Amino acid sequence: MKPSTMRVGLLGISILGISLLHYLTPLHLHYLHDIFQRLYYLPIILAALWFGFRGGLCCALAISMAYAPHILFQWGGGLTMEMEKYLEIVMYNVVGAVTGLLAQRERERSLELQRTAEGLVESYSKLQTQSERIIMIEEQLRRSEKLSTLGEMAAVLAHEIRNPLGSIRGTAEILRDDYRPGEPKYEFIEIQIKETERLNHVVEDFLRMARQQPMALRDCSIREELETIVTLVAKDAQNRGISLRLEPNTEQALIKGDGEKLRQAFLNIVINALQATPSGGSVRIDCQRNESGYEIRFIDNGSGIKTNERTKIFEPFYTTKPNGTGLGLAVTRKIIEGHYGSLEIESDPGKGTTVSVKLPLQEHIP
Ligand SMILES: Nc1ncnc2c1ncn2[C@@H]1O[C@H](COP(=O)(O)OP(=O)(O)OP(=O)(O)O)[C@@H](O)[C@H]1O
Ligand SMILES: [Mg+2]
């Protein structure tokens, strides 16, 4: 039963009960009648509190109708003799209406307060998400500032380094022709060529970061890019004795993006995974769609990353590898953020690492 029906029932029963007391109590016990007369205020006030102005007034009217015949027929109904009882009837209606009105107003006020409180909670949470966004953007800004000053320096340096490097490499190759493989000097020149190549790589990586090339957004399929990467590094993985696999349930994931840049980003992640994984280990790649976008995961069971290193690995030049430049993840993150995505790393030292790239769906891009 609904609570309001129960309340109406309760009021009805109490009115009926009090009226019966009036009608059945002998008239000479007038002090009892005085008490019963006042008892009527209880249902009136309750009705006013529960149902407001209309409830209070209706209840008072019902009581007036139940009580009036008692005055008229049992007490004789004389206007002057029973004046006090008639006045009481008027009072019932006044009390019902006024109490009802006050209760109603109080209820409206508390509803309004509740609405204000809800509004406050909402604006507070809005404020909180906004301030979180500001903190995030500020951090991004700081990072890109760092990268762009680095980039400018790099552009100048790279220019100065590249040409002499080309000459060193060229002359070394000419010199190498004078020796046969196996001779010690041949080996030295090989080292020289390899090292110049490595330097050239560093410079190129640097330049890539320096040139703030605009993204060339085209329709591209993430699955296709991942397939290309797997083909590219399959040989390397095989040499290392690592099983490299693109999961069969990988989404096609058609997005608007710069395929070339994304491929470079994914390649950096895969190479890192291969470098961290010992022979016999595995690197798995998959891409799933969820309500906010695509999540591309690179799961390796390699060395993992220590907790205190996890924030540093995105810094330019942070590397733990003897031949690393430490630019891989910095470049990768920049590319992913250029696609309004994010890069997350979960790692269990000694057990493995999962790198997740999250890219938003087209319709979620601002
Ligand atoms: N999958 C991984 N497992 C374990 N460590 C990782 C993984 N990916 C990255 N790291 C750590 O993060 C560091 C930074 O990676 P990043 O790709 O930026 O540079 P790098 O691989 O050292 O050098 P580069 O990529 O320029 O050749 C790595 O040196 C390595 O310590
Ligand atoms: Mg790397």
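**Two domains and a ligand shell**

In this predicted model, 78 Å separate the centres of domain 1 and domain 2, taken over C-alpha atoms.

Biologist: How do you know where domain 1 and domain 2 lie in the protein chain?

Modeller: The domain assignment places domain 1 at 3-115 and domain 2 at 214-366. These bounds come from an automatic or database assignment.

Biologist: What makes a residue part of the surroundings of ligand 1?

Modeller: One of its heavy atoms must lie within 4 Å of the ligand. For ligand 1, 19 residues surround it, and Asn272, Thr319, Thr320, Lys321 and Thr325 are the closest.

Biologist: Why is the pair between Asn272 and ligand 1 called a polar contact?

Modeller: The limit is 3.5 Å between N or O atoms. A polar side-chain atom of Asn272 is 2.8 Å from an oxygen atom of ligand 1, so the pair counts as a polar contact. Backbone atoms also take part: an N or O atom of Gly326 lies 3.1 Å from a ligand oxygen, and a polar backbone atom of Leu329 is 2.8 Å from an oxygen atom of ligand 1.

Biologist: How much of ligand 1 does the protein cover?

Modeller: On its own, ligand 1 has 590 Å² of accessible area, and the protein covers 90% of that.

Biologist: Which elements give two or more residues to the shell around ligand 1?

Modeller: They are helix H7 (259-276) and helix H8 (328-338). H7 gives the most, with three residues.

Biologist: How do the residues of that shell divide into nonpolar, polar and charged?

Modeller: Seven are nonpolar, 10 are polar and two are charged. Gly counts as polar in this scheme.

How values were computed: Residues are numbered from 1 along each chain as its sequence is written. Chains are lettered from A and ligands numbered from 1 in the order in which they are written. This is a predicted model: local features need pLDDT of at least 70, side-chain atom pairs count only at pLDDT 80 or more; totals for chains, interfaces and linings use all residues. Side-chain values use heavy atoms; hydrogens and water are left out. A polar contact is a pair of N or O atoms within 3.5 Å; within protein, one must be able to donate a hydrogen and the other to accept it, and residues adjacent in sequence count only if both atoms are side-chain atoms. Accessible areas come from the Shrake-Rupley method with a 1.4 Å probe; for residues, only the protein chains shown count as cover. Helices (H or I, at least four residues) and strands (E, at least two) are DSSP runs, numbered from the N terminus.
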